[in-house]
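Visitor: Before we look at the model, I would like each label to be set against the rule behind it. Could you take me through the reasoning step by step?

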Amino acid sequence: MSDLNAGDPQEDELLKDLAVDCEIEVTCPYCGETVVIILDPAGGGAQDYVEDCEICCRPWRIRVRYDDMGAARVHLEEVA
Ligand SMILES: [Zn+2]
């Protein structure tokens with residue numbers, strides 16, 4: 001009698017990774033500071049918005065995409 005496969009530890013790891021993806025570290029293109037931003041996975045698979053740096057208050061354009069695995073890819077650039 002073996003029931004060892006009931007709890008798959010790899011599934012727990014995956015859930016942890018997804019939770020961590022809600023917060024991501026970015027480097028401000030203006031002041032060079034590392035800032036943690038909060039992502040909103042419920043906002044859609046491809047997001048594009050403007051947010052101010054909390055250190056120097058200059059605006060970033062943030063583009064977020066979620067890949068097939070649900071991992072966030074964040075691209076940050078200066079607002080012209
Ligand atoms: Zn900044």
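Visitor: Why is Trp-60 called buried?

Guide: This is a predicted model, and the label rests on a count of neighbours: Trp-60 has 20 other C-beta atoms within 10 Å of its own. Since the rule asks for 20 or more such atoms within 10 Å, Trp-60 meets the cut-off and is therefore classed as buried. Of the 80 residues of the chain, 2% count as buried.

Visitor: Where does Trp-60 lie, and which residues is Trp-60 in contact with beyond its neighbours within four places in sequence?

Guide: Trp-60 belongs to strand E4, which covers residues 59–66. With neighbours within four places in sequence left aside, its contacts are Val-50, Glu-51, Cys-53, Leu-76 and Val-79. For Val-79, the C-alpha to C-alpha distance from Trp-60 is 5.7 Å, although 19 residues separate the two in sequence.

Visitor: What makes E3 and E4 a pair of strands, and in which sense do they run?

Guide: The rule requires at least two bridges between two strands, and E3 and E4 have seven, in the antiparallel sense; by that rule they are therefore paired. Within this pairing, Trp-60 is the bridge partner of Glu-51, and Tyr-49 stands opposite Ile-62. The hairpin of E3 and E4 has six residues between the strands, and there Cys-57 takes a positive phi near 65°.

Visitor: How many bridges join E4 to E5?

Guide: Seven bridges join these antiparallel strands, again set against a requirement of at least two. Ile-62 of E4 has Leu-76 of E5 opposite, while on the side of E3 it faces Tyr-49. In the hairpin of E4 and E5, with five residues between the strands, Gly-70 has a positive phi near 85°.

Visitor: What is the order of the strands in the open sheet, and why are E3 and E5 called edge strands?

Guide: The three strands of the open sheet follow the order E3-E4-E5, with antiparallel pairing. Strand E3 (46–52) and strand E5 (72–78) each pair on one side only, and they are therefore the edge strands by the pairing rule. From one strand to the next, the twist averages 20°.

Visitor: How many helices and strands does the chain have, and what pattern do they follow along the sequence?

Guide: The chain has one helix and five strands, which read as α-β-β-β-β-β along the sequence. Among contacts with a separation of 6 or more, 31% are between residues 24 or more positions apart.

Methods
Residues numbered from 1 in each chain as written. Predicted model: local features only at pLDDT ≥ 70, side-chain atom pairs only at ≥ 80, totals over all residues. Helix = DSSP H or I, 4+ residues; strand = E, 2+ residues; numbered from the N terminus. Buried ≥ 20, exposed ≤ 12 C-beta atoms within 10 Å, placed from the backbone. Contact = placed C-beta atoms within 7 Å. Axes fitted to C-alpha atoms, helices over the stretch in contact; angles between N-to-C directions.
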